[in-house]
Amino acid sequence: EARRGSGGRRQGSARGCVRERQIMAATFAKEVAALIRNNNSMQLAQRLAIMSTDTSKKQFLDWLSTRTYGQGLSECERAMPDDWAEVVCHTVKAASLKRDGNLLDAYTHQEAAFEAFLRVFKTLSRHWCPILKVLVIDLRKLGAQADVQQRAKGQPEEAIKLEGAGRVMRKCLAQELRDDDNEHHQLRTYGALHVANQCQRVFFALNTLKHVKSLVLPPGLSVQEFPASDRVTWHYFQGRMALMESRFDQAEQDLSFAFNNCPQGHVANRRRILSYLVPVRLLLHQAKPSPTRRAALPTQALLERYKLPEFEGIVDAFRSGNVQKFKESLEEHADFFVQRSIYVLLHKLTLCVYRTLFKKAHAVVGKSQVKLEVLVAAVRARPPEHAVLEELWLGFNPLGDEA
């Protein structure tokens, strides 16, 4: 009898724990339902984020980790409309699987949450864009993390989730964010530029840059009407694309806008923008030298402030005409420049550094015409002499020895 009594108490205690977890799960669903009824999109977005630290969500996460998606969906449907229940349950399931290290299935649920929200979003307005932004950011991050995990497992053929995320986002831009139902200031289209920016992040990460040019924003709004943060990101990526296509004037325009409008406190972002804006300014000075462009070259203080020592030697050599220092700086930080796809662009500046050297030689001579011997002497003052002369000759004469 004592054993039976002890077993009964354990069973009762277990049933009590189950009921307690059920109540906690119901609490989260009711809180989310209240946020939906009250149109509190900001707090709802925070709750739905993968990395949310909300206590009631954590309890729901623990409860759902031992249950199927269907059981979680039934719990959510008791408290909120079916479409919203899908969104909420998929996001929580994705967070649960991510916590358990199953990033592949976590991505699948996050993608399902994003598509479920788009179905709901068709009947809503701009007010609900914060949720769209949170879901699409988490979709991109989970796609990248899932691909890394699959490669680490020796299954690179399965590393296609980031590409899939980009495909879903492009479909969203083309079909889902067109809005003829709301007044201009409430258009759902206000979320389009954020989605386009996430697409650009995906395309640059995958090096599928041809898709960047194919991005088309839904009609109804110009880029200037979108939130400032989205415009800064848009111009940053468009500037990088223009730089890679040698459209330097457009690249300077886009990157300058991004840098000038990026908040002062966002030092890391401003540093990232500068790492592309500096080469653009140097390249433009090579093509169109002027006092204005020379003044626009980065100062030592600016490079130190944003911790860009990789450019200090490059800029100093560019100003002084020190070809050897320019080459040494370029090779010393080659990894940094290659990683940002600007190594080849910077290498084009070599002849511009020679030009600066010759201008200094001309200033010393003080005549309108300078003899070739003077220029050769200037070059020989920068060792190694033979390599420099050969490179200079090939630079001026692309036919080389045949000429």
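Among contacts between residues at least 6 apart in sequence, what share joins residues at least 24 apart? In this protein, the share is 64%. Keep in mind that you're looking at a predicted model.

Let's start with the overall picture. You'll find 22 helices here and 0 strands. The protein has 403 residues, and 46% of them are buried. As for the outside, the accessible surface comes to about 20,900 Å², with carbon and sulfur atoms accounting for 52% of that.

Now pick out one helix, α6, which runs over residues 103-121. Its 19 residues reach 26 Å from the first C-alpha to the last, close to the 27 Å expected at 1.5 Å a residue. Plenty of names turn up on its buried list, including Leu103, Tyr107, His109, Phe114, Phe117 and Phe121. What do the buried residues of α6 pack against? Their partners are α4 (69-77), α5 (82-99), α7 (129-152) and α8 (161-176).

Next, head back along the chain to helix α2, residues 41-48, where Arg47 sits. This arginine has 16% relative accessibility, so Arg47 counts as buried, the cut-off being under 20%. If you set aside its neighbours within four places in sequence, Arg47 is in contact with Phe28, Glu31, Leu35, Ser52, Asp54, Ser56 and Lys57.

Finally, a look at cysteines. Cys262 counts as buried because its relative accessibility is 5%, and Cys352 is buried too, with a relative accessible area of 3%. A disulfide is a covalent bond between the sulfur atoms of two cysteines. How many disulfides does a search of the whole structure find? The search turns up 0.

Notes: Residues numbered from 1 in each chain as written. Predicted model: local features only at pLDDT ≥ 70, side-chain atom pairs only at ≥ 80, totals over all residues. Heavy atoms only, no water. Helix = DSSP H or I, 4+ residues; strand = E, 2+ residues; numbered from the N terminus. Buried < 20%, exposed > 50% of the residue type's maximum accessible area, 1.4 Å probe, protein only. Contact = heavy atoms within 4.5 Å. Expected span 1.5 Å × (residues − 1). Disulfide = S-S within 2.5 Å. Areas by Shrake-Rupley, 256 points an atom, 1.4 Å probe, with all protein chains shown as cover.
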